[in-house]
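Student: I would like a close look at a single part of this model, and then an account of how that part sits within the rest of the chain. Please take your time and connect the pieces as you go.

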Amino acid sequence: MKAGDTFRRKDSQDKHLWVVMYITKHHPEECVLVNLTSNRDYKDQSCTLESGDHPFIAHSTVVNYGGATKALRQAIIRELKKGTIIQEESCSLSVLKRIREGALVTRQKPLWLKEMLERYANPNK
């Protein structure tokens, strides 16, 4: 797993595409994940993606920063091997950059993500 890799759950309960947004040098065993969801007027517009930005995206989509989570790289790899998640094509570097830029400006991110982004943007913290 590396930043920009994507996957989805095999079961039908979660149809979202998940993106590995960050793997930090301070915690290289840990992935920061966000999912993509259909765009609606009431959803956070910090990063919108369209058909063509990624093969999985068929219509206007937004990044769900409020649902950001962390997972161990080995746990993701284990789930891939078990077949409970399916790896999809990685994001392009330009799409990953847009997702990361959106994370900096959104007000919908969890506190742990806000603090992480501030810490790595300002190494004196």
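Tutor: In this predicted model, Thr-24 is found in the loop that joins β2 to β3. Although a loop residue, Thr-24 has a relative accessibility of 10%, and because buried means under 20%, Thr-24 counts as buried. A polar atom of the Thr-24 side chain lies 3.1 Å from the backbone nitrogen of His-27. If neighbours within four places in sequence are left aside, the residues in contact with Thr-24 are Glu-30, Met-116 and Tyr-120.

To place this loop, it helps to set out the chain as a whole. The secondary structure amounts to three helices and six strands, and read from the N terminus the order of the elements is β-β-β-β-β-α-β-α-α. The chain has a radius of gyration of 14 Å, close to the 14 Å that the globule rule gives for 125 residues, so it is as compact as a globular protein of that length. Along its principal axes, the C-alpha trace spans about 45 × 35 × 25 Å. Of the 125 residues, 36% count as buried, and the area that the chain exposes is about 7500 Å², with carbon and sulfur atoms supplying 49% of it. Where contacts join residues at least 6 apart in sequence, 61% of them are between residues at least 24 apart.

The interior can be described next. The largest nonpolar core holds 20 residues, and those with the most contacts inside it are Met-21, Val-34, Leu-49, Val-63, Tyr-65 and Ile-99. At least two residues of this core come from each of β2 (17-23), β3 (30-38), β5, α2 (93-105) and α3 (111-121). The strand β2 gives the most to this core, with four residues. Another core, of nine residues, lies apart from it and has among its members Val-20, Cys-31, Leu-33 and Ala-71.

Cys-31 leads on to the cysteines, which a bench biochemist may wish to follow individually. Across the whole structure, a search finds zero disulfides. Cys-31 is in none, and the nearest cysteine sulfur to its own, that of Cys-91, is 13 Å away. Cys-31 is also buried, its relative accessible area being 0%. Cys-91 is likewise in no disulfide, the nearest cysteine sulfur being that of Cys-47, at 9.2 Å; with a relative accessibility of 11%, Cys-91 counts as buried.

Cys-91 appears again in the surroundings of His-54, a residue placed in the loop between β4 (48-49) and β5 (61-72). His-54 is buried, with a relative accessible area of 3%. A polar atom of its side chain lies 2.5 Å from the backbone oxygen of Glu-89. Not counting residues up to four places away in sequence, His-54 touches Thr-6, Leu-17, Glu-88, Glu-89, Ser-90 and Cys-91.

A further loop residue, Lys-43, can be set beside these two. Lys-43 is placed in the loop between β3 and β4, and at 22% relative accessibility Lys-43 counts as partly exposed, because the limit for buried is under 20%. Residues up to four places away in sequence again not being counted, Lys-43 touches Thr-37, Ser-38 and Val-62. The C-alpha atoms of Lys-43 and Asn-64 are separated by 8.3 Å, although these residues are 21 apart along the chain.

Finally, the account can return to helix α3, where Trp-112 lies. Trp-112 counts as partly exposed, with 25% relative accessibility. Leaving aside neighbours within four places in sequence, Trp-112 is in contact with Val-32, Ala-68, Thr-69 and Lys-70. From C-alpha to C-alpha, Trp-112 and Lys-70 are 10.0 Å apart in space, while in sequence they are 42 residues apart.

Definitions and conventions. Residues are numbered from 1 along each chain as its sequence is written. This is a predicted model: local features need pLDDT of at least 70, side-chain atom pairs count only at pLDDT 80 or more; totals for chains, interfaces and linings use all residues. Side-chain values use heavy atoms; hydrogens and water are left out. Buried means under 20% relative accessible area, exposed over 50%, partly exposed in between (1.4 Å probe, protein chains only). A polar contact is a pair of N or O atoms within 3.5 Å; within protein, one must be able to donate a hydrogen and the other to accept it, and residues adjacent in sequence count only if both atoms are side-chain atoms. Contact means heavy atoms within 4.5 Å. A nonpolar core is a set of buried Ala, Val, Leu, Ile, Met, Phe, Trp, Tyr and Cys residues joined through side-chain atoms within 4.5 Å. A disulfide is a pair of cysteine sulfur atoms within 2.5 Å. The radius of gyration is taken over C-alpha atoms; the globule rule is 2.2 Å times the number of residues to the power 0.38. Accessible areas come from the Shrake-Rupley method with a 1.4 Å probe; for residues, only the protein chains shown count as cover.
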